[in-house]
Every structure is written in structure tokens, then in C-alpha cells.
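The report below describes the arrangement of two chains, from domains to strands. The sequence and structure are shown first.

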2 protein chains.
Amino acid sequence: MRVEEWTFYITGKSLSDTKLLAKVRNFEMIVDEPAEIGGTDEGPNPVEYILVALAGCLNVTIKGIASEKGINIRSLEFALEGRLNPEKFQGISKKERAGYKEIKATVYIESDTTKEKLEELLKEVEERCPVTDNLKNPTPVKIEIKPK
Amino acid sequence: MRVEEWTFYITGKSLSDTKLLAKVRNFEMIVDEPAEIGGTDEGPNPVEYILVALAGCLNVTIKGIASEKGINIRSLEFALEGRLNPEKFQGISKKERAGYKEIKATVYIESDTTKEKLEELLKEVEERCPVTDNLKNPTPVKIEIKPK
């Protein structure tokens, strides 16, 4: 049996010490850091984009699984937050991990079903949402340097 | 000793089964899916945003550590890709994980130093880059449903 595989690509060009121009198919976007973190604040920062990825993935996964279960979702909103200690990134300390220690997502759902059914839906979403999986479980990241 | 902690926030509103409007401080952006995946193709998709987050984080971390080491980087570009099997997300099969099985990042660097020094730099980047850390290592993701 053939296992389907999808590959996604992006490219990026550094515009400054904090700013990157990313190209995703026909879309372009800026990653930057807020002024408090030494940036020029022209776009969300890298760890904020993780939260955007997660919210986007929860949206499509919740809607897809709700549709399978015959649940009608009338409105769906998200509030996400992540906490990190910047000291490893800054080279000050190695006491704590570099990235988010924890990410919290609150999902506000208006639907035609019960809280219990929504909790069942959520369990399946947590298994099947690609971004949740990439965060909760180890994902190999292979970085290769090519000097020009 | 006080350990500093930074918290990042975003909110999102579902606009369709695939489309999300995300708000990050003063920035707004659309997450969507390409038409081939059933979307309306108005923005990058969730797993593409992961790659944007990673490229942005590699940019700021490489530049920061290069500066600490006195390495001058003249140009810095990125090409990232991630492979996944969509069958778990689609509910077809549980054979493979939902998210990226692997992410590859190629980093094109023009600098005033040797390949060896750049490889040393990369090792430190892999430890200190927050997004690399959140992908390579397990990150708790707590999702709470609030029915409206």
C-alpha cells in the first residue's frame, strides 16, 4: 500500500540581525523581534509564529473532526500563550531549556453539542493535529551549513 | 536569583474550516490551506508557519552567536522543508505520526570565517535556538475547551 507523503517548503533571507523575509509559495512575510528584544518590530517573532501555527492547525483539525462526528460548530476562537526563560538563548545560563516550557491553548467553541462530546473531540484533535504532534513529541531537525 | 520569564500571546478567530485570522500584538495574519488540501489558499498553512518560525529563529540565533564570537556574516539565507504523512490527520491510518517526520534546514552563509568555525557555531545554535528546542524536544501543550 502506498503511503502518501506531503513535503512543504519555505525559503528565507536575513534582512538584519533580527529580521527575516520568509517566502512560502506565493506568500511573503516578515519575522522580526519586538524593540524590547532588540528588534525593529516589523513582524511577529519566531516563537509567536509557533503559536500562530498551532492555532491554525487546531482550527482545521477541530473543524475536520467535528464534521466527521456530525457536530456543528457555530463559532471557534483561540487564545494561546507560551512561557520561556530567555537565558539559554541569550547565553546567560543553561539552567532551563531555550524554548517554551509550556504552551497553553484555550479554545472557545459555540456548538450544538455537550461539553462531554467536545472533550471527546479534543482528545482526537490532540492525536491528529500535526502541529500539536510536532510540539508534544520529538521531531528531528537536521541543519546543514553551506558556506558561500 | 530571579529567573526571567517571557510570555508570548496570540489570539485567533476561525473564518472557515481551513482559515484562521491570527492576531499577534499589532500584527494580523491569515492561516489557510492550499486548494489541494481543501482550503481557499489565502495564506500559508499551519505546518508552513512552523518552518517560518524555525527560519526566523535560526536567523536571530545565528546572528547573535556569530556576534558573540566575532564572526562577521555578510549574507544568510535559508531553505527549509518538512515531510509528513497526512493519513493520521485525515483519519485514514494511525501508522505514522501526524506531524513532520523530519525537518531539514539548509543554511547558506557568507562570512569571514572557516567551515569548521561555522560548524562550531551551528552546534551552539542548535542548543540555544528556542524554536529548534521546541521541535526537537517534547513541549507540553495544554488545550482547554470552553463551550460558549
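Which domains does the domain assignment of chain A give? The model discussed here is predicted. In the assignment, chain A has domain 1 (7–43) and domain 2 (45–136). Taken over C-alpha atoms, the centres of domain 1 of chain A and domain 2 of chain A are separated by 22 Å.

## Relation and contact of the chains

A turn of 180 degrees, with a shift of 0.0 Å along the axis, lays chain A on chain B with an RMSD of 0.0 Å. This is therefore the relation of a two-fold axis. The same surface serves both copies, as 99% of the contact residues of chain A recur in chain B.

In the contact itself, 98 residues of chain A meet 97 residues of chain B. On the side of chain A that touches chain B, the most is given by helix α1 (residues 46–69) of chain A, with 17 residues. That side of chain A is made up of 48 nonpolar, 21 polar and 29 charged residues.

## The sheet that ends in strands of chain A

Both chains supply strands to an open sheet of six, whose order is β3(A)-β2(A)-β1(A)-β4(B)-β5(B)-β6(A) and whose pairing is mixed. Its edge strands are β3 (27–31) and β6 (141–147) of chain A, each of which pairs on one side only. From one strand to the next, the twist averages 20 degrees. Helix α1 (residues 46–69) of chain B packs on this sheet. The helix touches β1 (6–14), β2 (20–24) and β3 of chain A together with β4 and β5 of chain B, and its direction makes about 150 degrees with that of β4(B).

Within this order, strand β4 (residues 73–84) of chain B and strand β5 (residues 102–111) of chain B are antiparallel and share 10 bridges. One of the opposed pairs is B:Gly82 with B:Ile103 in β5(B).

## The sheet that ends in strands of chain B

A further open sheet of six strands has the order β3(B)-β2(B)-β1(B)-β4(A)-β5(A)-β6(B), again with mixed pairing. Here β3 (27–31) and β6 of chain B are the edge strands, each pairing on one side only. Neighbouring strands of this sheet are turned against each other by 20 degrees on average, direction ignored. Helix α3 (residues 115–128) of chain A packs on the sheet and touches β5 of chain A together with β6 of chain B. The direction of helix α3 of chain A makes about 155 degrees with that of β6(B).

The table lists strand pairings of this sheet.

| Strand pair | Sense | Bridges | Opposed residues |
|---|---|---|---|
| β4(A) and β5(A) | antiparallel | 10 bridges | A:Ala79 and A:Thr106 |
| β4(A) and β1(B) | antiparallel | eight bridges | A:Arg83 and B:Thr7 |
| β5(A) and β6(B) | parallel | seven bridges | A:Lys104 and B:Lys142 |
| β1(B) and β2(B) | antiparallel | four bridges | B:Ser14 and B:Leu20 |
| β2(B) and β3(B) | antiparallel | five bridges | B:Ala22 and B:Met29 |

Two of these pairings join a strand of chain A to a strand of chain B: β4(A) with β1(B), and β5 of chain A with β6 of chain B.

Strand β2(B) takes part in two hairpins. Five residues lie in the hairpin connection from β1(B) to β2(B), while two residues stand between β2(B) and β3(B). In the latter turn, B:Arg25 has a positive phi of about 50 degrees. Along β2(B), B:Lys23 is opposite B:Thr11. Is β2(B) mostly covered or mostly uncovered? Four of its five residues are buried, and the strand is mostly covered.

## A loop residue at the contact

A:Pro138 belongs to the loop between α4 (130–136) and β6 of chain A. Why is A:Pro138 classed as exposed? The residue has 11 other C-beta atoms within 10 Å, and it counts as exposed because the limit is 12 or fewer.

Which residues does A:Pro138 contact, leaving aside its neighbours within four places in sequence? These are B:Lys136, B:Asn137 and B:Pro138. By contrast, A:Asn45 lies 93 residues from A:Pro138 along the chain, and their C-alpha atoms are separated by 22 Å.

Terms used:
Residues numbered from 1 in each chain as written. Chains lettered and ligands numbered in written order. Predicted model: local features only at pLDDT ≥ 70, side-chain atom pairs only at ≥ 80, totals over all residues. Least-squares fit on C-alpha atoms with pLDDT ≥ 70 in both. Contact = placed C-beta atoms within 7 Å. Nonpolar A, V, L, I, M, F, W, Y, C, P; charged D, E, K, R; others polar. Pairing = 2+ DSSP bridges. Axes fitted to C-alpha atoms, helices over the stretch in contact; angles between N-to-C directions. Buried ≥ 20, exposed ≤ 12 C-beta atoms within 10 Å, placed from the backbone. Domains from an automatic or database assignment.
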